[in-house]
Amino acid sequence: MDGNPNVQRNDRKPQPLKPGTAKKAILIAVAAIVVIYLGFSSFYTVQEQERAAILTFGKYTSEETAGLHFKWPYPIQEVIMVKAELTQRIHIGYRQNGDTVVPVEEEALMITGDENIVSADAVVQWKISNIHDYLYNIDDPEQFLRNAASSSIRSVIGSEKLDYAITDGKTVIQDKVREKLLELQTKYKTGIQIIDIKFQDIEPPSGQVEEAFREVTNAREEKNTKINNAVKYENDRIPKARGEAQALLENAEGEKKSRVLNAEGDVAKFNAIYNEYKNNPNVTQSRLILETLEKILPNAQIFITNSNSDTVNYLPLNELLKGGNGTAKQTETTSPVTVPQQEPQGGDAQ
């Protein structure tokens, strides 16, 4: 003890660990590390837009879709994640970083079939269709697709004229490029599916050439507009003219039928009168005369007398008219008045 009586000195030395205990602790630590490693390396998660390629001893064996999965630890099995469910894009003739567009002239500029230079920008949409072919048949899939798309565009535009390429032929060229690009993917078994290819611009290089072709394009569009307006006017007028012609034909046909029916009615009426006339000619003749007089002289006053005798009849017309207060009497028969013998004058009706 030292000078301080309250402080006790512990002179005991720590006992050394036994060799078996230290070895046991090391083994436990190693086992824990192995278990943790196996746990982390045996389970893996595949995202929605991904698919997993499983390699067993370095050989492609299977695929897994989205979700949590188990595999044997490395080096027995290995997992390669591929964005097989994601539609991707590559740009030909330019690069886009956010809102910034950087042209790439060595890709965009190409020569046409009539030896003119044109600038073509396109976007290719694609996705992975076969993971095995995508991983093992090509080294750099994106660069291969870029080269294939550029080659297809140059091949098609190189067979077309500049005027056609920058005006009406854009859609046709686009379809031809897509077909050639599909042929290349099938030929080399890249495992890439081409969804679509769209041209952003097909135009001559900037400068006076571009301005001249823009004027040509505007003139062609104006021509097409006028043609469309003329076709619209034609489609509007022709049906109306046909309708009017059909209406005239129908009216003429109706008039024809009406006149035919009227004529047939007149013939039937004449035949009926003629039959009656054959039965009694005098009566029918007198009736026809009276009906005709009533039609041609609707406001006339008609007096009928009997002139069978050899004397001349005297008709007091003024007295008859005054006695009727100016009204017409349809039929008046008077007694004959004897006058000196004269030649008959007048007719049966006056």
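A strand, as the term is used here, is a DSSP run of E with at least two residues, numbered from the N terminus. In this predicted model, strand β8 covers residues 100–103 and contains V102. V102 is partly exposed, with a relative accessible area of 38%; this class lies between buried, under 20%, and exposed, over 50%. When residues up to four places away in sequence are not counted, V102 touches Y94 and R95.

The protein as a whole has nine helices and eleven strands. It consists of 350 residues, of which 23% are buried. The exposed surface amounts to about 25700 Å², and carbon and sulfur atoms supply 53% of that area. Contacts between residues at least 6 apart in sequence were also examined, and 68% of them join residues at least 24 apart.

In soluble globular proteins, nonpolar side chains tend to be buried together. The largest nonpolar core of the model holds 34 residues, and the members that touch the most others are V124, W126, I153 and F199. Several elements give two or more residues to this core, including the strands β2 (51–56), β6 (88–92), β10 (117–128) and β11 (192–203). The helices that do so are α3 (131–136), α4 (141–157), α5 (162–165) and α6 (170–188). The surroundings of one core member, I153, were listed without its neighbours within four places in sequence. I153 is then in contact with I92, M110, A120, A122, V177, I197 and F199.

Helix α6, one of the contributors to the core, was examined in further detail. The helix has 19 residues, and its span from the first C-alpha to the last is 27 Å, close to the 27 Å expected at 1.5 Å a residue. Its buried residues are I173, Q174, V177, L181 and Q185. Viewed down the axis of α6, these buried residues fall within an arc of 110°, and therefore they line one face of the helix. That buried set packs against β10, α4, α5 and β11. V177, which is buried in α6, also appears among the contacts of I153. On the other side of α6, the exposed residues are T171, E179, E183, T186 and K187. The helix is followed by K189, which has a positive phi, near 50°.

Notes. Residues numbered from 1 in each chain as written. Predicted model: local features only at pLDDT ≥ 70, side-chain atom pairs only at ≥ 80, totals over all residues. Heavy atoms only, no water. Helix = DSSP H or I, 4+ residues; strand = E, 2+ residues; numbered from the N terminus. Buried < 20%, exposed > 50% of the residue type's maximum accessible area, 1.4 Å probe, protein only. Contact = heavy atoms within 4.5 Å. Areas by Shrake-Rupley, 256 points an atom, 1.4 Å probe, with all protein chains shown as cover. Core = buried A, V, L, I, M, F, W, Y, C linked by side-chain atoms within 4.5 Å. Expected span 1.5 Å × (residues − 1). Arc of directions from axis to C-beta.
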